[in-house]
Amino acid sequence: MTGSSDDVVPVAAPARVPVQGGGTFPVRRIYCVGRNFADHAREMGADAPASKADRGTPVFFAKPADAIVTTGEVPYPTATRDLHHEVELVVAIGRDAPAGDVSVDAASALVYGYAVGLDLTRRDLQAAAKAKGLPWDIAKGFDASAPIGPLVPAAGIGALGGRTLSLQVNGALRQTASLDQMIWDVPEILHELSKLFALRAGDLVFMGTPAGVAALQPGDICEARLDDVLALHCKITSPSL
Ligand code: MN
């Protein structure tokens with residue numbers, strides 16, 4: 001993504017996520033999964049499927065690629081009094097999908113690696129949007145709404161199923177769950193996404209959050225982890241800093 005002499009405004013550089021061990025991952029798109037843990041769906045007042053057979057189709061939304069934060073400093077956003085954390089596994093797509101749907105069996109081959117991130121949410125604006133049947137963009141896709149830790153190539157992670165996702169805020173545990181509890185696992189989500197969008201190298205997918213979402217305040221220190229293999233450390237700073 002370089003500039004052209006015909007450009008009438010400057011071209012922004014792509015957001016990039018550092019890769020543990022070296023290199024950077026340029027971000028093309030950020031997709032997010034909603035209601036992928038039953039306990040979180042219930043705490044938000046939504047129905048949770050009783051079984052995989054009843055799960056219907058996943059809830060998807062998106063954030064702009066430049067919502068990524070990799071500096072560890074997340075400014076408290078404007079226009080909210082209820083900024084919530086949602087700790088999530090993040091999948092990084094490493095190659096373009098072939099034309100057509102990607103099968104569940106073929107989906108894992110698209111994965112470059114994984115990170116942990118926060119799907120930061122203006123919960124008050126989301127509640128107002130839900131009440132009126134309006135889109136979630138202003139609740140979910142605001143500036144600096146997607147802090148993310150370093151990516152680790154998939155080979156360094158191994159099987160995801162039994163691993164534990166967690167978030168501590170100021171040293172106190174707020175959210176924890178086994179990835180076994182995801183209603184839709186990674187290959188299933190990539191299969192479903194591929195019916196809707198052409199997946200491309202550079203895409204990130206936030207996989208949804210377990211129960212325990214709650215408010216953040218300026219000064220809070222967040223430590224998200226997937227066991228001892230993925231981590232994100234960040235601080236919520238005041239908007240003026
Ligand atoms: Mn989320």
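In this predicted model, three strands make up an open sheet in the order β10-β7-β16, and their pairing is antiparallel. Strands β10 and β16 (214-215) lie at the edges with a single partner strand each, so one side of each has no neighbour in the sheet. Strands β7 and β10 run antiparallel and are joined by 2 bridges. Within this pairing, L83 has R122 of β10 as its bridge partner.

## The manganese site

The manganese ion is coordinated by E86 (OE), E88 (OE) and D119 (OD), at 2.0 to 2.1 Å. Along the chain, these donors follow the spacing E-x1-E-x30-D. The pair E86 and D119 links distant parts of the chain, 33 residues apart. E86 belongs to the loop between β7 (83-85) and β8 (87-93), whereas D119 belongs to the loop between β9 (111-118) and β10 (121-122). E86 is buried, with a relative accessible area of 4%. D119 likewise counts as buried, at 0% relative accessibility.

## The five-stranded sheet

A further open sheet is formed by 5 strands in the order β6-β18-β17-β13-β14, with mixed pairing. Its edge strands are β6 (73-75) and β14 (172-178), each of which pairs on one side only. On average, neighbouring strands of this sheet are turned by 20° against each other, direction ignored.

Strand β13 (residues 164-169) runs antiparallel to β14, and 6 bridges join the two. V169 stands opposite A172 of β14. Strand β13 is also joined to β17 by 5 bridges, again in an antiparallel arrangement. Here Q168 has E223 of β17 as its bridge partner.

Strand β17 (residues 221-226) shows an alternation of side chains. C222, A224 and L226 point to one face and are buried, while I221, E223 and R225 point to the other face and are not buried. Strand β17 pairs with β18 (residues 230-237) in the antiparallel sense over 6 bridges. These two strands form a hairpin with 3 residues between them, and D227 in the turn has a positive phi of about 45°.

## Cysteines

How many disulfides does the structure hold? The structure holds 0 disulfides. For C32, the nearest cysteine sulfur is that of C234, 15 Å away. C32 counts as buried, at 0% relative accessibility.

C222 and C234 are bridge partners across β17 and β18. Why is there no bond between the sulfur of C222 and that of C234? The two sulfur atoms are 4.5 Å apart, which is too far for a bond; a disulfide requires cysteine sulfur atoms within 2.5 Å. C222 counts as buried, at 1% relative accessibility.

## Aromatic contacts

The structure holds 3 aromatic pairs. Two of them are set out below.

| Pair | Centre to centre | Angle between planes | Arrangement |
|---|---|---|---|
| Y31 and F197 | 4.8 Å | 40° | tilted |
| F61 and W136 | 5.6 Å | 55° | tilted |

The pair of Y31 and F197 links distant parts of the chain, 166 residues apart. Y31 lies in strand β3 (residues 30-34), and F197 lies in the loop between α5 (186-194) and β15 (204-206). Are these two rings buried or exposed? Y31 counts as buried, at 3% relative accessibility, whereas F197 counts as partly exposed, at 33%.

The rings of F61 and W136 have planes at 55°, so the pair is classed as tilted. F61 is located in strand β4 (residues 59-63) and W136 in the loop between α3 (123-132) and α4 (137-140), so the pair ties together parts that are 75 residues apart in sequence. F61 counts as buried, at 12% relative accessibility. W136 also counts as buried, at 18% relative accessibility.

Charged side chains are placed over aromatic rings as well. The charged end of R55 sits over the ring of W184, 3.8 Å from the ring centre. The charged end of K63 sits over the ring of F142, 5.9 Å from the ring centre.

How values were computed:
Residues numbered from 1 in each chain as written. Predicted model: local features only at pLDDT ≥ 70, side-chain atom pairs only at ≥ 80, totals over all residues. Heavy atoms only, no water. Pairing = 2+ DSSP bridges. Helix = DSSP H or I, 4+ residues; strand = E, 2+ residues; numbered from the N terminus. Axes fitted to C-alpha atoms, helices over the stretch in contact; angles between N-to-C directions. Donors = N, O, S within 2.8 Å, 3.2 Å for Na, K, Ca; no water. Buried < 20%, exposed > 50% of the residue type's maximum accessible area, 1.4 Å probe, protein only. Phe/Tyr/Trp six-rings, centres within 6.5 Å; stacked < 30°, edge-to-face > 60°. Lys NZ or Arg CZ within 6 Å of the ring centre and 35° of its normal.
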